[in-house]
Amino acid sequence: SQNSVNKSQLQIALQTKIIQPSDDPIATSQINVIEAYISKNENYNQSIESATNQLNMVDTTLDGFANTLIRIEELQKQSMNGTMQADDKKAISVEVQQLLEHLLSLSRTKDIDNNYIFSGFQSNSQPVELVNNEYVYHGDSGKNEINISLGTSVFLNYTGEEVFFNS
């Protein structure tokens with residue numbers, strides 16, 4: 001019949017056996033399951049890429065923090081040398097002050113969405129502030145989490161409380 005020929009031509013043109021779900025309900029159901037699975041995996045891949053970028057930023061910032069602390073420790077040891085001149089001690093004091101300002105700047109690092117990475121769930125709040133010569137944390141203990149596969153998630157951040165105030 002002409003309908004059968006038309007259908008066959010359409011199947012060839014579209015390179016598919018199923019034009020309408022009623023052509024093969026079982027295959028249509030299986031296709032829907034597979035498409036849902038593919039879509040879910042694409043979402044997981046996007047989550048993995050996003051998590052990788054975020055964690056790389058956190059890692060880089062923490063490396064900067066650690067390197068700055070190492071330098072402060074070196075300067076502290078140098079300053080204990082009993083033979084240092086006043087000018088040398090003053091230079092160390094100035095450098096330590098600059099390094100402390102750098103640490104404060106690192107604590108205020110933002111991600112690509114302009115959120116503070118160390119504020120927990122308070123990502124719009126500047127996490128650390130210097131008030132009366134004391135560092136104050138304004139974030140919370142919230143941990144941002146993302147699913148990267150079925151039943152598997154990773155945390156995307158450390159809170160400022162963990163990083164800067166936990167002894």
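Start with Ile148 and who touches this residue: setting aside neighbours within four places in sequence, Ile148 makes contact with Tyr44, Ile48, Ser153 and Val154. Ile148 belongs to strand S3, which runs over residues 145-149. If you want a long-range pair to click on in this predicted model, try Ile148 and Ser47: the two are 101 residues apart along the chain, yet their C-alpha atoms are separated by 5.7 Å.

Thr61 is another good stop. You'll find Thr61 in helix H2. Is Thr61 buried or exposed? Its relative accessible area is 7%, so Thr61 is buried, given that the cut-off for buried is under 20%. Again leaving out neighbours within four places in sequence, the contacts of Thr61 are Leu106, Thr109, Ile117 and Phe118. Leu99 makes a useful ruler point here: Leu99 and Thr61 are 38 residues apart in sequence, with 14 Å between their C-alpha atoms.

Now zoom out to the whole chain. There are four helices and four strands in the protein, and if you walk along the sequence they come in the order α-α-α-β-β-β-β-α. How spread out is the protein next to a compact globule? The radius of gyration is 29 Å, whereas the globule rule for 167 residues gives 15 Å; the value for this protein is well over that, so the protein is more spread out than a compact globule. You can see it in the box as well: along the principal axes, the C-alpha atoms fill roughly 105 × 25 × 25 Å.

A few totals help to round out that picture. Of the 167 residues, 25% count as buried. The accessible surface comes to about 11,700 Å², and carbon and sulfur atoms own 50% of that area. As for contacts, take the ones with a separation of 6 or more: 41% of them are between residues 24 or more positions apart.

Next, the empty space. Rolling a probe the size of a water molecule over the atoms shows where such space is left. The largest pocket holds about 280 Å³. Its lining has 16 residues, and those closest to the pocket centre are Gln54, Asp111, Asp113, Asn115 and Leu156. By class, the lining of the largest pocket splits into six nonpolar, eight polar and two charged residues.

The second largest pocket has about 160 Å³ of space. What lines the second largest pocket? The residues are Phe65, Leu69, Leu100, Leu103, Leu104, Ser107, Val128, Tyr135, Phe164 and Phe165. Two elements give two or more residues each to this lining, namely helix H2 (25-79) and helix H3 (86-107). H3 gives the most, with four residues. In terms of chemistry, the lining of the second largest pocket has nine nonpolar residues, one polar and no charged. If you're setting the two pockets side by side, recall that the largest pocket has two charged residues in its lining.

Last, a couple of backbone details for anyone who likes to look at torsions. Most residues other than glycine have a negative phi. Two asparagines in loops go the other way. Asn114 has a phi near 70°, which is positive in a residue that isn't glycine. Asn114 sits in the loop between H3 and strand S1 (128-131), and its relative accessible area of 49% makes Asn114 partly exposed. Asn132 also isn't a glycine, and its phi is positive too, at about 50°. Follow the chain past S1 and you'll meet Asn132 in the loop between S1 and strand S2 (134-137). Which class does Asn132 fall into, buried or exposed? Its relative accessibility is 75%, so Asn132 counts as exposed, the cut-off for that class being over 50%.

Notes: Residues numbered from 1 in each chain as written. Predicted model: local features only at pLDDT ≥ 70, side-chain atom pairs only at ≥ 80, totals over all residues. Heavy atoms only, no water. 1 Å grid on protein atoms, 1.4 Å probe; cavity = no way out; pocket = protein on both sides within 12 Å on 5 of 7 lines; lining within 4 Å. Points joined across faces, edges and corners; volume = space filled by probe spheres on them. Nonpolar A, V, L, I, M, F, W, Y, C, P; charged D, E, K, R; others polar. Rg over C-alpha atoms; globule rule 2.2 N^0.38 Å. Buried < 20%, exposed > 50% of the residue type's maximum accessible area, 1.4 Å probe, protein only. Contact = heavy atoms within 4.5 Å. Areas by Shrake-Rupley, 256 points an atom, 1.4 Å probe, with all protein chains shown as cover.
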